[in-house]
Amino acid sequence: MRPFVYDHAAQRVIFGIGSIERLADEVSRLGVRRVLILSTPAERRFADDAARRLGSLSAGMFAEAVMHVPIETARAARQRAAELEADGYLTIGGGSTTGLGKAIALESSLPIVAVPTTYAGSEMTSIYGLTEGGIKKTGRDRRVLPAAVLYDPALTLSLPPQISGPSGMNAIAHCVEGLYAEDANPIISLMAAEGIRALARSLPIVVRQPDNLDARSDALYGAWLGGTVLGAVGMAIHHKLCHVLGGSFNLPHAEVHTVILPYATAFNREAAPEAMRLVAGALNASDAAQGLYDLAVQIGAPTSLKEIDMPLDGLDRAATLATANPYYNPRPVDVQSVRQLLQDAYDGRRPS
Ligand code: NAD
């Protein structure tokens, strides 16, 4: 066995249908008395419901979160938190909402209770992002790691198939890259393989029957594992490319992950054979990259960059940006091979 370091910050995770009923208890358990509730305008109904459940523990609400945490939004939310003398935050929504909570906690060091309603996984990581002047900067800081996370599959029933599928593939991407991470370790690899298994078996059902609570529970369980993997080990070329394509070409986050994943996996096929074996096994496929592509097709998710409006003449620049300051990757990266990977993803043919 390869030597390894396992360095994992503790978080309290409450998982199950109806776990939202424990919200007030979980907030009190942290000693928080004046919680600021955060959401996007679209998820306001969740925030209103949380306010009712919290009663006097709720100090107020900021329901203006948007994708990629613009610094102006973070400043407005920090100001609201200060005015209300909040001593903790509740984030209820997808990665955009969790990201806003992290941006406030980064300055105040006060605790976050996260209630995720998508499969993005941010609630399990100490990674934060802030966008200033059109450039998104990310960092890691333990102050932003939510102290408690409540996963209630019932809150995901309203997530439409066209968001559920790519969001689930985003979680699978964390698992795939965790298996060939530079700092991979056996415990996180167990979680990664189990995450892929749970999502691969549940997503086809979730998109066909969005109100199937068993499948929703399985998918959210897989998302929890994916987020844990993302928080625990380093990512590689796939995440680097998605960061570049999302940040510099404004492509939608989960959809970019869905499209790139089969091609990034094919790119690393020879360099990470054990990871490929585990991914293929978890997908019940003979090849990892093809299995991921087939899953995307099966759930009706996008399979080409063309489809999600990536400009063809941007591929050169994307390849240059992704290789300028590369993350670790099991196969060394260079502009030419990454340009080819992007071309394959642009065309969207099944990886050979
Ligand atoms: P999101 O929060 O913007 O949600 C995606 C869409 O789903 C939105 O339109 C939202 O209104 C809708 N939605 C959310 N929950 C819903 C529900 N239950 N029912 C109906 N609609 C619902 O995006 P996301 O995909 O969850 O997260 C993406 C963002 O999170 C990106 O900014 C990404 O960079 C960030 N992220 C960060 C980390 C990290 O570790 N820091 C990890 C993953 C993602």
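**Close-up views of a predicted model**

**View 1. Helix H4 on the strands.** In this predicted model, helix H4, made of residues 95-108, lies across strands E2, E3, E4 and E5, and its direction runs at about 165 degrees to that of E4.

**View 2. The open sheet and its edges.** The sheet is open and is formed by 6 strands in the order E1-E8-E5-E4-E2-E3, with parallel pairing. Because strand E1 (12-15) and strand E3 (58-62) stand at the edges and each has a single partner strand, one side of each is left without a neighbour in the sheet. From one strand to the next, the twist averages 15 degrees. Helix H2, which spans residues 44-54, packs on the sheet and touches strand E2 (35-38), E3 and strand E4 (88-93), while its direction makes about 175 degrees with that of E3.

**View 3. The pairing of strands E5 and E8.** Strand E5 (residues 112-116) and strand E8 (residues 148-151) run parallel and are joined by 2 bridges. Within this pair, valine 113 of the one strand stands opposite alanine 148 in E8.

**View 4. Two domains and the contact between them.** The domain assignment of the chain gives domain 1 (12-156) and domain 2 (161-347). The centres of domain 1 and domain 2, taken over C-alpha atoms, are separated by 26 Å, and 20 residues of domain 1 are in contact with 24 residues of domain 2.

**View 5. The largest nonpolar core.** This core has 65 residues, of which Tyr89, Tyr119, Ile172 and Ile196 touch the most other members. Helix H6, residues 186-208, gives the most to the core, with 8 residues, and at least three residues are drawn from each of domain 1 (12-156) and domain 2 (161-347). When its neighbours within four places in sequence are left aside, tyrosine 119 is in contact with a set of residues including Thr156, Leu159, Ser164, Leu203, Arg216 and Ala223. Another core, of 26 residues, lies apart from the largest one, and among its members are Leu241, Phe249, Val256 and Met310.

**View 6. The crossing of helices H8 and H9.** The axes of helix H8 (residues 237-249) and helix H9 (residues 253-267) come within 9 Å and cross at roughly 145 degrees, and the crossing of H8 and H9 is right-handed. On the side of H8 the contact is made by Ile237, His238, His239, Leu241, Cys242 and Leu245, and on the side of H9 by Val256, His257, Ile260, Leu261, Ala264 and Phe267.

Definitions and conventions: Residues are numbered from 1 along each chain as its sequence is written. This is a predicted model: local features need pLDDT of at least 70, side-chain atom pairs count only at pLDDT 80 or more; totals for chains, interfaces and linings use all residues. Side-chain values use heavy atoms; hydrogens and water are left out. Two strands pair if DSSP finds at least two bridges between them. Helices (H or I, at least four residues) and strands (E, at least two) are DSSP runs, numbered from the N terminus. Axes are lines fitted to C-alpha atoms, for helices over the stretch in contact, and angles run from 0 to 180 degrees between N-to-C directions. Contact means heavy atoms within 4.5 Å. A nonpolar core is a set of buried Ala, Val, Leu, Ile, Met, Phe, Trp, Tyr and Cys residues joined through side-chain atoms within 4.5 Å. Buried means under 20% relative accessible area, exposed over 50%, partly exposed in between (1.4 Å probe, protein chains only). Domain bounds come from an automatic or database domain assignment. A crossing is left-handed if the near helix is turned anticlockwise from the far one by less than a right angle, and right-handed if clockwise.
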